[in-house]
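Visitor: Hello! I am new to this structure and would love a short tour of its hollows and its unusual backbone spots.

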Amino acid sequence: MTVSVSKAQDIVDTAVAADGFETLVAAVQAAELVETLKGEGPFTVFAPTDEAFAALPEGTVENLLLPENRDQLVAVLTYHVVPGRVMSSDIAGQEVSPETVQGGTLMVDATGDAVMVDDATVVQADIEASNGVIHVIDTVLIPE
């Protein structure tokens, strides 16, 4: 997957303009996080693809999108967001444990050939947006 958009767009508009993030965009809308992710930031977002959401157990996404599960959906989505703009070059060769907006801690391992975020692999890094950066991942991260 290759995402190429104008740097003038914010994180939400960048995801909307790209192919492969329909589920993520729908989830951000259902969680009422659009305005937050259009905010000043900067944010680093680990964005799961539609395929990553599809790999969750059957019914998981539909269940999270129900209005009564909004708090759980917000927790899952904000677990994918780290305050600040973290480019891959900032952490190359390192293991780091950034705190997420949700309050949990991610384990990011950039010491090997592939960058791992918890159990997810970064499949495309450093997609710049006006208020942060997006790193595309192949697995939905679930906070403990």
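Visitor: How much space lies in the largest pocket?

Guide: Welcome! Keep in mind that this is a predicted model. The largest pocket is lined by residues including Tyr-79, Thr-139 and Glu-144. The space that lies in this pocket is about 150 Å³.

Visitor: How many charged residues are in the lining of the largest pocket?

Guide: Let us go through the lining by class. Asp-118, Asp-119 and Glu-144 are among the lining residues, and Asp and Glu count as charged. Beside 5 nonpolar residues and 1 polar residue, the charged residues in this lining number 3.

Visitor: Is Asp-118 buried, partly exposed or exposed?

Guide: Asp-118 is one of the residues that line the largest pocket, and its place is the loop between strand S5 (116-117) and strand S6 (120-129). Buried would call for under 20% relative accessible area and exposed for over 50%. Asp-118 has 27% relative accessibility, so it counts as partly exposed.

Visitor: What is the phi of Asp-118?

Guide: Here is some background: most residues other than glycine have a negative phi. Asp-118 is not a glycine, yet its phi is positive, at about 50°.

Visitor: Which residue in strand S6 has a positive phi of about 60°?

Guide: The residue to look for is not a glycine, although its phi is positive. With 27% relative accessibility, it counts as partly exposed. This residue of strand S6 is Asp-126.

Visitor: Where is Pro-42, and is the peptide bond from Gly-41 to Pro-42 cis or trans?

Guide: Pro-42 is in the loop between helix H3 (34-37) and strand S1 (43-48). As a rule, most peptide bonds are trans. The bond from Gly-41 to Pro-42 has omega near 0°, and it is cis.

Visitor: How many cavities of 30 Å³ or more does a search of the whole structure find, and what is the volume of the largest cavity?

Guide: The search of the whole structure finds 1 cavity of 30 Å³ or more. For the largest cavity, the volume is about 150 Å³.

Visitor: Which element gives the largest share of the lining of the largest cavity?

Guide: The largest cavity is lined by 15 residues, with Ile-11, Leu-24, Val-28, Leu-37 and Val-45 nearest its centre. Helix H1 (11-17), helix H2 (22-30) and S1 each give two or more residues to this lining. The largest share is 4 residues, and it comes from S1.

Visitor: How many residues of the lining of the largest cavity are nonpolar?

Guide: No residue of this lining is charged, and 1 is polar. The nonpolar residues number 14.

Methods. Residues numbered from 1 in each chain as written. Predicted model: local features only at pLDDT ≥ 70, side-chain atom pairs only at ≥ 80, totals over all residues. Heavy atoms only, no water. Buried < 20%, exposed > 50% of the residue type's maximum accessible area, 1.4 Å probe, protein only. 1 Å grid on protein atoms, 1.4 Å probe; cavity = no way out; pocket = protein on both sides within 12 Å on 5 of 7 lines; lining within 4 Å. Points joined across faces, edges and corners; volume = space filled by probe spheres on them.
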